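User: I am new to this structure. Please take a close look at the second largest pocket, its lining, and how the helices around it pack.

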Amino acid sequence: MGKENDVSVMEIDDSRPNVSDQISNPKFSINVLQLLKSSQMQHGLRFGDYTRYRRYCTARLRRLYKSLKFTHGRGKYTKKAITAHTVTEVRFLHLVLYTAERAWSHAMEKRQLPDGPNARQRIYLIGRLRKAVKWAALFSELCSIKGDSRTSLEAEAYASYMRGNLLFEQDQNWDVALKSFKNARAVYEELGKYGDLENQVLCRERVEELEPSIRYCLHKIGESKIKTSELMHIGEMEGPALDLFKAKLEAVMDEARSQQAASMTEFHWLGHKFPISNAKTRVSILKAQELEKDLHGPTGDSLPAEKRLVIFDKIFAAYHEARSCIRNDLVTAGNSENMKDDLSGLDKAIGAVLGQRTIERNQLLVTVAKSKLSKSRDDKIEKVTKPEELVRLYDLLLQNTADLSDLVSSGRDRKPEELAFAEECALKSLVFRAERCFYLAKSYSSAGKRTEAYALYCRAGSLASDSLKKLQSLTTTDQAMIKELKMLYDDSRSNSCIEHATGIIEEEKAPEILSKKISTISLTGADKKFQQEKYLTEKLDTYESAVGDSNTKGAPRISVFPPAFQAIPRNPIVLDLAYNTMEFPSLENRMKKDKKGFISRLWR
């Protein structure tokens, strides 16, 4: 192991061979950071797909080798080294750069395996990172000779970044890794002061991406007083440069959870205590509870909705993993009834907590949708929510509440806590029904159906009133929910009055509007805007208003005039094919002969 450490330190040592033969050729220029960022975002790394990016690098290298006529032979492989003499154009530098990127993306692909890399895969991963460091060092060396000063600086920062990544993954030489990351940060800070605006933004982003890795190195060295639990808040940014840091941080947090889970022996739910014997189940439950603290803590309300949804997804994954472990234990429990009862109770408790978090997540989606519902429809930047979408969300909430109530109510012995929880679920279901009815009325109102909208608004107000009475009768009341229900009741009442008045006005104006629309009926219709609408003669079999409905777009058209030609049937043509082949008998002996006189015979 010591030998491997010595070799790795020797490989990443920042020593360059002396190149005596300096070639006086024009200097090449590459905007390294901008080139790599563009390639990464366009070919997979926008979504963390390192496999796709590795394949792109391979295809890019193949095209470069072929276009430069720098192939390694057809039959027998003969490696061609890239030296300063070889680099006659800028594409040779691209060859070295994309080779380093391919090795790095291959290592990151192994890092993102579902269960993490095993021992063999980790050896391969570190080997690929060593390859990336080797090619990045060669790229830096060639750019110092053949590139301009800016290109040389960027290449040096890239090599330092790769060197820091290798040591970061190896969990060793934290002082050298810290020095490498700081060198890269210093270069990007300096380069961010010059150039165009896009380059300055990219340099600032890379500096921000390097900051968590530097702080983690300081933490491992002991020069930072930051706690392990506080490291989770460092890597909240997104970017390929942070993926190694996040993987390392997740491993550290898993180790801390494993140590903390050793003291966790029970799971508490509704006054019940369920023993936990499986270590994996403990770790999964502990991870979910830590995420719940982030969500319901003092800083949880200040988090944007997108990040809260991401936290909910992680909570669901942790609880599902715990339930999977519990069900595996149930299979292997054998004939032990006590163990089966404990595991079944724990599975039921975790399922109930999972149902509660699902309801909270859908309520967050409802809040986001309501905020977009009130926005102006002229705002084309953000999509405006339709009332139908809120109706769908409340359908989901009603289903979630029913499932949760059924889960809690299942079982032989129902305790008072479970009965109270079931009543709470029934009250939530009533509130969700009132909200759903209100937004269903809104959708009917936007469709111009005043009668249905009025009836639904009245029903929503009645449901909201019943919910208020039940909620106020409880000892522990939720003031926020009471306020929301009062607002819902007032909105339902005012909207029902508006729909009633609007319906009366439309009914009074109906004859005038009907006569006006009838007067606009045309035989064929000259408006090309509504030529795709069907004619009245084509819709005789459907019960649909042609002129009285407020949703009709244009003047109705009766029929096509002049009517189009139509094919009509005619009598069949009979062809007697046998007539031409038949031979009939002679009838001359039966024909009447003309009598001719003496004079007529002379003329014969």
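Analyst: Start with the chemistry of the lining. In this predicted model, the residues lining the second largest pocket divide into 17 nonpolar, seven polar and twelve charged. The lining has 36 residues. The pocket's volume is about 1000 Å³.

Now go to the centre. Five lining residues lie nearest to the centre of the second largest pocket: Gln-363, Lys-428, Asp-478, Met-481 and Glu-484.

Next, the helices behind the lining. At least two lining residues each come from α10 (279–296), α11 (305–331), α12 (337–373), α13 (387–409), α14 (416–446), α15 (450–472) and α16 (479–519). The largest share belongs to α14, which gives nine residues.

Two of these helices, α12 and α14, pack against each other. Their axes are 14 Å apart, and the angle is about 20 degrees. Angles under 35 degrees count as roughly parallel, so α12 is roughly parallel to α14. The crossing of α12 past α14 is left-handed. On the α12 side, the contact is made by Lys-348, Gln-356, Ile-359, Gln-363, Lys-370 and Leu-373. On the α14 side, Glu-418, Phe-421, Phe-432, Glu-435 and Tyr-439 take part. By class, this contact of α12 with α14 has five nonpolar, two polar and four charged residues. Gln-363 appears twice in this picture: it is one of the residues nearest the pocket centre, and it is part of the α12 contact with α14.

Helix α12 also packs with α10. Here the angle is about 30 degrees, and the axes of α10 and α12 are 13 Å apart. The two helices are therefore roughly parallel to each other. α10 passes α12 in a left-handed crossing. From α10, Ile-285, Glu-292 and His-296 meet Ile-350, Val-353, Arg-357 and Glu-360 of α12. The classes in the contact of α10 with α12 are three nonpolar, one polar and three charged.

One more helix pair helps as a reference. Helix α2 (residues 32–42) packs with helix α4 (residues 90–111) at about 50 degrees, with their axes 12 Å apart. That angle makes α2 oblique to α4. The crossing of α2 past α4 is right-handed. In α2, the residues in contact are Val-32, Leu-35, Leu-36, Ser-39 and Gln-40. They meet His-94, Leu-97, Tyr-98, Glu-101 and Trp-104 in α4. By class, the contact of α2 with α4 has six nonpolar, three polar and one charged residues.

Back to the pocket, to close. Both α10 and α12 supply lining residues, as does α14. α12 is roughly parallel to α14 because their angle is about 20 degrees.

Note on methods:
Residues numbered from 1 in each chain as written. Predicted model: local features only at pLDDT ≥ 70, side-chain atom pairs only at ≥ 80, totals over all residues. Heavy atoms only, no water. 1 Å grid on protein atoms, 1.4 Å probe; cavity = no way out; pocket = protein on both sides within 12 Å on 5 of 7 lines; lining within 4 Å. Points joined across faces, edges and corners; volume = space filled by probe spheres on them. Helix = DSSP H or I, 4+ residues; strand = E, 2+ residues; numbered from the N terminus. Nonpolar A, V, L, I, M, F, W, Y, C, P; charged D, E, K, R; others polar. Axes fitted to C-alpha atoms, helices over the stretch in contact; angles between N-to-C directions. Parallel < 35°, antiparallel > 145°, perpendicular 65-115°, else oblique. Left-handed = near helix turned anticlockwise from the far one by under 90°. Contact = heavy atoms within 4.5 Å.
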